[in-house]
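Q: Could you take me on a close look at how the copies in this model meet one another? I would also like to see some of the helices behind those surfaces.

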Protein chains: 4
Amino acid sequence: MHKGRIEAFSDGVIAILITIMVLELHVPKSPHVGALRPLVPVFLSYLLSFVFLGIYWNNHHHLLQAAPHINGAALWANLHLLFWLSLFPFTTAWMGENHFDKVPVSIYGVVSLLAAIAYYVLQRVLGVDVGRDIKGLVSPALYAAAIPLSFVNRWIGLALYVTVALIWLIPDRRLEKQFA
Amino acid sequence: MHKGRIEAFSDGVIAILITIMVLELHVPKSPHVGALRPLVPVFLSYLLSFVFLGIYWNNHHHLLQAAPHINGAALWANLHLLFWLSLFPFTTAWMGENHFDKVPVSIYGVVSLLAAIAYYVLQRVLGVDVGRDIKGLVSPALYAAAIPLSFVNRWIGLALYVTVALIWLIPDRRLEKQFA
Amino acid sequence: MHKGRIEAFSDGVIAILITIMVLELHVPKSPHVGALRPLVPVFLSYLLSFVFLGIYWNNHHHLLQAAPHINGAALWANLHLLFWLSLFPFTTAWMGENHFDKVPVSIYGVVSLLAAIAYYVLQRVLGVDVGRDIKGLVSPALYAAAIPLSFVNRWIGLALYVTVALIWLIPDRRLEKQFA
Amino acid sequence: MHKGRIEAFSDGVIAILITIMVLELHVPKSPHVGALRPLVPVFLSYLLSFVFLGIYWNNHHHLLQAAPHINGAALWANLHLLFWLSLFPFTTAWMGENHFDKVPVSIYGVVSLLAAIAYYVLQRVLGVDVGRDIKGLVSPALYAAAIPLSFVNRWIGLALYVTVALIWLIPDRRLEKQFA
């Protein structure tokens, strides 16, 4: 089984997810600058998820290159990851359109956590030795913390999501080294 | 005629179908957890169809790899399959939004049956020897049974669809063996 | 310049066009069979355009394989074709939702004609010798005839579109021979 | 890291962006020709953005081919470009639906400028020597000029956008030469 098609399919799904998220930026009927103001939270929510999906695409790219082989279980582990990622447009829009209310912020963490777990499972199924994967352990822990803490204060939840994004924006040197 | 482009096109269509299905999870205006409750049947319907389209993508992947050659008829047999698959977002949303009412559940079976027949035709056109294809015979039989039985009790229809999904979640060893 | 990327991009656009057309099959709020009846013309219109876009994908596939080389002009000739194809979801939905009224049926022919001309231009730019291209000449002629004749009787226009579809459903032996 | 996947992903995103823009051509309920008139500005706005995204796809194609290597920073520089491009459907629709009002016309320039800057950054990160890149310097200058001038007269802004489009429609000989 060749990697090309699993890559192409995953790229297709992630590319579409990124792009349909932008459809939630509903076009205002008014041509005034003020008509953009209610869109600011939707835009920020979109920006956050764009970065997350970019990170997943990026890491997925490295992961598949590092994978020694792909079997039937890997195809399903990959689809499992794509399933949770496919819920990002929903949680992103719900969070943005409700101005980062505590419930949608918390649910955003639930889906992020499930996607992170699915990514971990995919790594294991692919047989990739991720060594002492600090980032891979910290991220789900931060998501798990954000789920209840968003009810205490929604800004805590959001701060945790931004923290995860910043952690991952630094390219994954571990896997890059593995190639070199 | 090379297989790469028929694979890429099919992947593209299936990736888009999977992703636009999620658009039917309409974002609630309210930020309360209770606002998610009416979405539960839509979500479950999406989950079922995500698994079905994942199965098709998976099997399609194996099928094309096993195909000795691709001719003009195969391109059309493939488009025929994609046509029926393209109706999944419609039947999925109709079933979910009407809380699995008997009529949409039955129609879901009609489209599933037509897609299964199209897949069978594609196998034949590609000249792939599928041997004693138990799954390939049982699936359309279960769909055909679900169409009338959904009118008796919609849960029978749904149980049959879930049964088909479970049957196929086990990777297709026949074709995998054929390579090895 | 390699052909792979122009193929991939065109496949992507055509795959998305085919798939977003199906979004015009608006999900009925009622679970009754009768709720499907108003969708019949939308469905038939979708079916017609699915076949047309399938034909374009199919022929485009052969055309690029036959192309001796691809230059900058070819990239633009290809985008020009994709532009007219991108209007198919609009004309398809307008025609279907207005039950094949004469004006949308005629406009459907206008866009089809412009797409056919764009395909012809692409062939020329690619330097593909299409020989005595009977189909390639008959199709735009039938579209051109359908534009005014749809005002006489809309069924004439539709009959002409179906005729073009049937003509092209037969695989393009000319180009296939050219390879062999 | 191979170029193929960054190309495929970018192609996917651009193909989807081009195609979802056309969804803003809302299908009229009336079958009369007059129902198309309010769509004219939306159509023209779509046409402009189709050309711009076509130019980006085209130049991106050449750019990646000229790139000596791709590193982690390039993946992010590419995602940064795709982010600004992803806002084109929004600015395009806002401008079209408000009949090219001065504010949306100006905002269209803001997003265009940010995309142009992102493209410049990508070129630098990829290590491509773009020589005396006249077009690459003139385009953002024209966008920057259009942002305030659209408030003076919206037609000035639009004229500047059309000018940029025309400048780029001529294929990029610099990079083409670099290959030959």
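A: Here is a walk through the contacts between chains, followed by some helices within them.

Please keep in mind that this is a predicted model. Let's start with chains C and D. Here 23 residues of chain C are in contact with 23 residues of chain D. On the chain C side, four helices each supply at least two residues: α1 (3-21), α3 (72-85), α4 (88-97) and α5 (102-126). The largest share comes from α1(C), with 8 residues. If you sort this side of chain C by residue class, you find 16 nonpolar, 4 polar and 3 charged residues.

How are the two copies related in space? A turn of 90° with a shift of 0.0 Å along the axis lays chain C on chain D, and the RMSD is 0.0 Å. The C-alpha of chain C nearest that axis belongs to C:Gly12, at 4.4 Å. Only 13% of the interface residues of chain C are also interface residues in chain D, so the copies meet through different surfaces.

Now turn to chains B and A. In this pair, 23 residues of chain B are in contact with 23 residues of chain A. The side of chain B that touches chain A draws at least two residues from each of α1 (3-21) and α2 (40-66) of chain B. Its largest share, 8 residues, comes from α1(B). By class, this side of chain B has 14 nonpolar, 6 polar and 3 charged residues.

The geometry of this pair can be described in the following way. Chain B is laid on chain A by a turn of 90° and a shift of 0.0 Å along the axis, with an RMSD of 0.0 Å. That is the relation of a four-fold axis. In chain B, the residue that comes closest to the rotation axis is B:Gly12, whose C-alpha is 4.4 Å away. Only 13% of the interface residues of chain B are also interface residues in chain A, so these copies meet through different surfaces.

Next, stay in chain B and look at helix α4 (residues 88-97). This helix is mostly covered, with 10 of its 10 residues buried. Among them are B:Phe88, B:Phe90, B:Trp94 and B:Met95, as well as B:Glu97. The cover over the buried residues of α4(B) includes α1, α2, α3 (72-85) and α5 (102-126) of chain B. After α4(B) comes B:His99, which has a positive phi, near 50°.

For a view of one helix against another, move to chain D. Helix α2 (residues 40-66) and helix α4 (residues 88-97) of chain D pack at an angle of about 150°, and their axes are 7 Å apart. The two helices, α2(D) and α4(D), are therefore roughly antiparallel to each other. Their crossing is right-handed. From α2(D), residues including D:Pro41, D:Val42, D:Tyr46 and D:Leu53 take part in the contact, and on the α4(D) side the residues include D:Phe88, D:Thr92, D:Met95 and D:Glu97. By class, the contact of α2(D) with α4(D) has 6 nonpolar, 4 polar and 1 charged residues.

One last stop in chain D is D:Phe83, which lies in helix α3 (residues 72-85). D:Phe83 counts as buried because it has 20 C-beta neighbours inside 10 Å. The C-alpha atoms of D:Phe83 and D:Leu114 are separated by 9.7 Å, while the two residues are 31 residues apart along the chain.

How values were computed. Residues are numbered from 1 along each chain as its sequence is written. Chains are lettered from A and ligands numbered from 1 in the order in which they are written. This is a predicted model: local features need pLDDT of at least 70, side-chain atom pairs count only at pLDDT 80 or more; totals for chains, interfaces and linings use all residues. Two residues are in contact if their C-beta atoms, placed from the backbone, lie within 7 Å. Ala, Val, Leu, Ile, Met, Phe, Trp, Tyr, Cys and Pro count as nonpolar, Asp, Glu, Lys and Arg as charged, and the others, Gly among them, as polar. Copies are superposed by least squares on the C-alpha atoms of residues with pLDDT of at least 70 in both. A residue is buried if 20 or more other C-beta atoms lie within 10 Å of its own, exposed if 12 or fewer, and partly exposed in between; C-beta atoms are placed from the backbone. Axes are lines fitted to C-alpha atoms, for helices over the stretch in contact, and angles run from 0 to 180 degrees between N-to-C directions. Angles under 35 degrees count as roughly parallel, over 145 as roughly antiparallel, 65 to 115 as roughly perpendicular and the rest as oblique. A crossing is left-handed if the near helix is turned anticlockwise from the far one by less than a right angle, and right-handed if clockwise.
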